[in-house]
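Q: Could you take me through one part of this model in close detail? I'd like to see how a single strand sits among its partners.

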Amino acid sequence: MKFIVSSTYLLKQLQILGGVINNSNTLPILDNFLFDLKQNTLTVSASDLETTMSSILEVDSDAEGTIAVPAKLLLETLKTFPEQPLTFVVENNNTVEISSNHGKYALAYADGAEFPKAVELADPSSTTILGDVLATALNKTIFAAGNDDLRPVMSGVFFQFSPENLTFVATDAHKLVKYQRTDITASQVAEFIMPKKPLNLLKGILAGSEADVTIEYNDSNAKFSFENTELICRLIDGKYPNYEAVIPKENPNKLTIARTQLLSSVRRVSIFSNKTTHQIRLKIAGAELNISAEDIDYSNKAEERLTCSYQGDDMQIGFNSRFLTEMLNNLTSDDVALEMSLPNRAGILTPADGLDEGETVTMLVMPVMLNS
């Protein structure tokens, strides 16, 4: 088995696939890339048993064969090469020899047959979405997903597809984000929960991509295919909480303010807040927003006054500044709207501008009890 490939082209593909590999694997074979060569097509795969990702590379060869190559060793070697052709030759003594312009490097390989086979999706449904749109949906939601192992359903992103729209939801019970597109639809209704790790990989690869992504899914797995890459992963099992029930429908008090102004103010004031609750107080009266925080244990306190546009009754409400900061950071609009009903009901944060047609983002943040 022998093939020739460009060093930078191979490195670029392997770095993407390398994100799948865990630092510590239960099965030693998972520390490898699977190389599957068929004439001038080389399919490289990486897996952690839950997620398998593969890319198809064009190489110069007329041979066939499969081997498993140590991922870390190969990546570290490739990073040091300037752009040049590399020749891979599989020797009989269980090593693969790489020849560059200046030298030869031999690394031990494992039998490709030991590598776990990727799941074949039986009878999947499918939807096509633009790469950049999917990356945006994941960017806007993934930060709000939980990390609680006891509630695995909330540690992923909920995909809800229908002939009317596509909806992506993430929540950790303190904050919730719902991202919806009415300009893209699916042929039939489907719901599934995607784990965070494969989504973080997709988010990185697809940002700014003009390629179409085909999402195929059944009850247990989902497969994302685009350009020369495929990612298959196991879905999170379980029923997603009824998130619509927690979004308050009647919110008569509406505050509109410049996003960056509110964000810097919250950041500054929160430095003086209690280090365990991160509590800040928003006091709104007329066209004035007063943001304050106090750490009674250390006699630290801060207060800022901002002008805003406000319709509604005067009110005071407390929030965890970390959640508010995360949400404001994840929006890209110039202005944001904060809608509230009562001090003990969730506040709804939405961008006031800068959205594509058919795109809506709703962020919900739970209030914290104010000590009067």
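**A strand and its two hairpins**

A: Happy to! In strand β20, N290 is the bridge partner of K283. Keep in mind that this is a predicted model. The pair belongs to a wider match: strand β19, residues 279-285, runs antiparallel to β20, and five bridges link the two. The connection between β19 and β20 is a hairpin with two residues between the strands. In that turn sits G286, whose phi is positive, at about 60°.

Now look at the other partner. Strand β21, residues 300-307, also pairs with β20 in the antiparallel sense, here over eight bridges. One place to find this pairing is A293, which stands opposite A302 in β21. These two strands form a hairpin as well, with four residues between them. In this hairpin S299 has a positive phi, near 55°.

How covered is β20 itself? The strand spans residues 288-295, and six of its eight residues are buried, so it is mostly covered, with buried meaning under 20% relative accessible area.

For context, here is the nonpolar packing elsewhere in the model. The largest nonpolar core has 99 residues, and F33, F35 and F159 touch the most other members. Helix α3, residues 131-141, gives the most to this core, with five residues. Another core lies apart from it, with 13 residues, including V153, M154, V169 and L176. As for F35, its contacts beyond four places in sequence include M1, F3, L14, L42, I67 and F88.

Note on methods
Residues numbered from 1 in each chain as written. Predicted model: local features only at pLDDT ≥ 70, side-chain atom pairs only at ≥ 80, totals over all residues. Heavy atoms only, no water. Buried < 20%, exposed > 50% of the residue type's maximum accessible area, 1.4 Å probe, protein only. Pairing = 2+ DSSP bridges. Core = buried A, V, L, I, M, F, W, Y, C linked by side-chain atoms within 4.5 Å. Contact = heavy atoms within 4.5 Å.
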